[in-house]
Amino acid sequence: MGEPASHLRLLLTATRRMQEQLESSKGPRHTLAGRIVANLFFEDSTRTRTSFSVAAKRLGAESVDLMGFASSVNKGETLVDTALNVEAMGVDALVMRAKQSGAAKLVRKAVKCPVINAGDGRHEHPTQGLLDTYTLAEAHGRLDDFDLRGLTVLIVGDVASSRVARSAIAAMGTLGAKVICVGPPGLAPAGLAPLGCKVTHELDSNLPGADAVMMLRMQFERHEGGGEGAEAKKSSVIASVREYREGFALTADRASRLRPGCVVMHPGPMNRGLEIDGSVADGLQSVVLRQVARGVAVRMAVLDWCLART
Ligand code: NCD
């Protein structure tokens with residue numbers, strides 16, 4: 001994300017205020033009444049799109065969805081032309097997810113309204129990075145200053161395919177956390193280190209020192225030779241799912257070696273029984289659903305930030 005710490009702290013503090021409003025009996029103030037937010041999603045999404053819609057509605061705005069599979073992009077229209085057309089209808093902001101890294105930035109240069117990146121290829125997923133950071137700070141009592149120094153976060157699994165990991169490394173690292181990426185060399189290559197993390201291919205020895213363990217989905221669809229649907233679970237990057245689980249899954253046995261204050265995170269969608277056991281995902285140390293809940297407050301803060309003053 002490349003944002004300075006002060007900028008991140010402002011957004012996270014705004015998130016805390018939104019969360020307080022969500023929990024208050026009066027509910028959030030309708031600062032975006034009369035505004036329209038368009039979700040342009042050219043890739044699958046459950047959580048992120050719904051979360052942006054809920055966030056917009058909580059602030060009194062309307063949200064409209066344009067799904068890639070039903071759009072003219074399939075007839076050859078470029079992403080920029082699609083975005084220009086939606087903007088011409090008078091929407092106030094675009095929330096955009098696309099397969100191409102850099103897509104949101106490209107569209108941002110072409111339109112006048114704010115564009116919020118909801119995930120671009122393997123590159124970035126900034127609001128997910130913010131909600132992960134907020135959840136981490138909340139779990140460790142750092143909501144007053146969002147100073148994450150002294151915390152160690154393991155990001156485990158298919159880091160190479162993960163825009164979530166890139167945004168989490170950027171945000172958590174900027175606020176002082178130590179981030180360690182863990183996975184087999186094909187999924188956690190040493191080349192990730194310049195992002196500001198340590199890289200290791202060994203999970204077990206790192207578990208006892210962790211304050212948070214963020215498990216990632218195996219993104220078979222992004223692997224060379226990997227497939228979708230019935231073809232999923234085929235990959236040129238890992239030898240076998242069984243071998244992968246032996247080394248890197250958060251099993252009930254491994255989870256029993258985490259320290260009591262350590263939280264288990266996952267951005268979703270989860271493959272239960274692959275990267276994480278169902279009992280761990282639902283266990284006492286899991287904050288997976290709290291991440292989803294805080295995602296609404298983060299997106300309210302981001303939408304308000306972009307729109308309240310324009
Ligand atoms: C992820 C994404 O789409 O980047 N999910 C999310 O937004 N919460 C991760 C994934 O697809 O595995």
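A residue is taken to be near a molecule if one of its heavy atoms lies within 4 Å of it. The model is predicted: local features need pLDDT of at least 70 and side-chain atom pairs count only at pLDDT 80 or more, while totals for chains, interfaces and linings use all residues. Residues are numbered from 1 along each chain as its sequence is written, and side-chain values use heavy atoms, with hydrogens and water left out.

The ligand is surrounded by Arg-47, Thr-48, Arg-97, His-125, Gln-128, Arg-163, Val-164, Arg-217, Gln-219, Pro-267, Gly-268 and Pro-269. This shell divides into 3 nonpolar, 5 polar and 4 charged residues, with Arg counted as charged, Val and Pro as nonpolar, and Gly among the polar residues. At least two shell residues come from each of the helices α2 (47-58) and α6 (163-174); helices are DSSP runs (H or I, at least four residues), numbered from the N terminus.

Ligand oxygen atoms lie 3.1 Å from a polar side-chain atom of Thr-48 and 2.7 Å from a side-chain N or O atom of Arg-163. A polar backbone atom of Gly-268 is 2.9 Å from a ligand nitrogen. Of the 320 Å² of accessible area that the ligand has on its own, the protein covers 92% (Shrake-Rupley method, 1.4 Å probe).

Glu-124 is placed in the loop between β4 (115-120) and α5 (126-139). Glu-124 is buried (under 20% relative accessible area, 1.4 Å probe, protein chains only). Glu-124 has no salt bridge (a side-chain nitrogen of Lys or Arg within 4 Å of a carboxyl oxygen of Asp or Glu). The nearest side chain of opposite charge, Arg-166, is 8.0 Å away. The side chains of Glu-124 and Ser-167 are joined by a polar contact of 2.2 Å (a pair of N or O atoms within 3.5 Å, one able to donate a hydrogen and the other to accept it).

Notes
Buried < 20%, exposed > 50% of the residue type's maximum accessible area, 1.4 Å probe, protein only. Lys, Arg positive; Asp, Glu negative; His and termini not counted.
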